[in-house]
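Good morning, everyone, and thank you for making the time. I would like to walk through one structure with you, so please have a look at it before I begin.

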Amino acid sequence: MDGEESEHPVVPVKQENRPNGILWREGDAVMACEYGTVGGTMAEIPSSENISLKLKRIAKLAKQAPTMAFTSLAHHIDIDWLRAAYERTRKDGATGVDGQSAQEYAANLEENLQSLLDRAKSGTYRAPPVRRVHIPKGDGSRTRPIGIPTFEDKVLQRAVAMLLEAVYEQDFMDCSYGFRPGRSAHQALNTLRNRMMSARGGWVLEVDIERFFDTLDHARLREILHRRVRDGVLLRLIGKWLNAGVLEEGELLHPEAGTPQGGVISPLLANVYLHEVLDEWFARDVKRRLHGEAFLCRYADDVVVLFSSEKDARRVMEVLPKRFAKYGLTLHPKKTRLVEFCRPPRRRPQAGDREILPGSFDLLGFTHHWARSRNGNWVVKLRTARDRFSRALKKVSTWCRHHRHEPLKEQWQTLVQKLHGHYAYFGITGNCEALDRFLEEVHGIWRRWLDRRSHRSRMSWPRMHRLLERYPLPPPRIVRAFTMST
């Protein structure tokens, strides 16, 4: 995000070990877990393996006892745990309110981590406010607020997220893909596409939650967390992060709801919240009342539901606002919509007749639509969504305008990186036309800003073509071949 990076890396769960026995309580029941020791002390193994074993055992307990509340987790956080959290924290993100970079923090790493551990365990840690910036949203005409914590805060949030992730990954459902280890947006897109192909389409309910990260109810979140985690140290830390405040243009604000979008812990808290609000409710209460089949796909707060029956879709669309309102959330009245997405007839239209196509919908930067394959069969295809296409070009144009006076070779190297990044996400099966068009637009943008470097030396298209022979931009390529089931 050109200097204002959010802190949302998806880190695979690694797992660890702990000394002697640990007790977790569920009501009056006590579960004990014994750990392998040598002569009453922990075996000499590297700390990274210890952490891996600890997380694995926490996850095992959480899976074996899905209704158990963990009352003692924070003792796992020691200096080795914080060191592992530090290693998993991005070092190239923007700085928080204290202006301290990762490199500056690393200069006295051991002292800083020990101080952080002491303050976290004693309860004297004070969560600093997050620095709020705004990034483009959609086609770039709107912005999305992003909260940037301090680097030290990111490390502690990562340490807590590692613990909570080990517990909640056992509870989360297969329909949830956002910010989870081993899961990605492309997996969500491919799974949804294959379900639509096998079901021959249906009725798609697009769910748009208005300002979800800004309106998440703190009291409700604490209530949901308390069912599974009752460790006082962890809950107090989460409470401090929720109440830390936001610093924007020199003014400190303390919102009564929401969790800053951009922090390390925020995506996990969002998943915990929506697991309760939507995923579990849909699987437990909704699906058994439907007449036909239904499939829910959620990536963080981006949600679509596929129904085989229009009647079922309309019933759920009617009750959904009431369900979300119960948890302090509101659905956007215009963006939450029902789309007829049934597969068109196999036969081709008669001469002179126009082929009528069903509607389309957007998810995770792609427009989903029906189109004929090379052999004439109807398939669900994905193309770059219009707003994402425009936003990507606007970012390229802004960069070219600001750097048009730099040496051509340096400009070329950066544009190559930007195109590779675009292809890495949008380079999927069936999206070649949009990729080709994107490259053509980038050629035009680069020529336009080079043409404005000087009034005396114009950049005509013949001259630009000679430049592109010397500094060719990479052609589109398919990075992810989606399974094209028919």
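Let me start at one ring, that of Phe 179, which counts as partly exposed at 23% relative accessibility, where buried means under 20% relative accessible area, exposed over 50% and partly exposed in between, with a 1.4 Å probe and protein chains only. Before going further, I should say that this is a predicted model, in which local features need pLDDT of at least 70 and side-chain atom pairs count only at pLDDT 80 or more, while totals for chains, interfaces and linings use all residues. Residues are numbered from 1 along each chain as its sequence is written, and side-chain values use heavy atoms, with hydrogens and water left out.

What does the ring of Phe 179 pair with? A search of the whole structure finds 14 aromatic pairs, a pair being two rings of Phe, Tyr or Trp (its six-membered ring) whose centres lie within 6.5 Å, with planes under 30 degrees apart counted as stacked, over 60 as edge-to-face and the rest as tilted. In one of these, Phe 179 meets Tyr 299 in a tilted arrangement, at 5.7 Å centre to centre and with 50° between the planes. Phe 179 lies in the loop between helix H5 (151–168) and helix H6 (185–198), while Tyr 299 belongs to strand S10 (residues 294–299), so the pair ties together parts that are 120 residues apart in sequence. For these element names, helices (H or I, at least four residues) and strands (E, at least two) are DSSP runs, numbered from the N terminus. Tyr 299, at 15% relative accessibility, counts as buried.

A second pair joins Phe 341 and Trp 370, whose ring centres are 5.7 Å apart and whose planes stand at 35°, so this pair is tilted. Here too the pair links distant parts of the chain, with Phe 341 in strand S12 (residues 337–342) and Trp 370 in strand S14 (residues 366–372), 29 residues apart. Phe 341 is buried at 0% relative accessibility, and Trp 370 is buried as well, with a relative accessible area of 3%.

Staying with rings, Phe 212, Phe 213, Tyr 273 and Tyr 327 form one aromatic cluster. Tyr 327 also has Arg 220 over its face, at 4.6 Å from the ring centre, and Lys 91 lies over the face of Tyr 86, at 4.5 Å from the ring centre; a charge sits over a ring if NZ of Lys or CZ of Arg is within 6 Å of the ring centre and within 35 degrees of the ring normal.

Let me return to the loop between H5 and H6, which also holds Met 173. Met 173 is partly exposed, with a relative accessible area of 24%, and its C-alpha atom is separated by 7.8 Å from that of Glu 280, 107 residues away along the chain. Neighbours within four places in sequence aside, Met 173 is in contact (heavy atoms within 4.5 Å) with residues including Arg 180, His 275, Asp 279 and Glu 280.

Arg 132, in strand S5 (residues 130–137), is likewise partly exposed, at 24%. Beyond its neighbours within four places in sequence, its contacts include Pro 145, Asp 214 and Glu 248.

Now to the open space. The second largest pocket holds about 500 Å³, and of the 20 residues that line it, the closest to its centre are His 369, Arg 383, Gly 430, Asn 431 and Glu 433. On a 1 Å grid over the protein atoms alone, a pocket is an open set of points with protein on both sides within 12 Å along at least five of seven lines, a cavity is a set where a 1.4 Å probe fits but cannot get out, and lining residues have an atom within 4 Å of a point. Grid points are joined across faces, edges and corners, and a volume is the space filled by probe spheres set on the points. Which element gives the most to this pocket's lining? The answer is H14, with four residues.

Finally, the whole protein has 15 helices and 15 strands, and buried residues make up 49% of its 486 residues. Of the contacts with a separation of 6 or more, 73% are between residues 24 or more positions apart.
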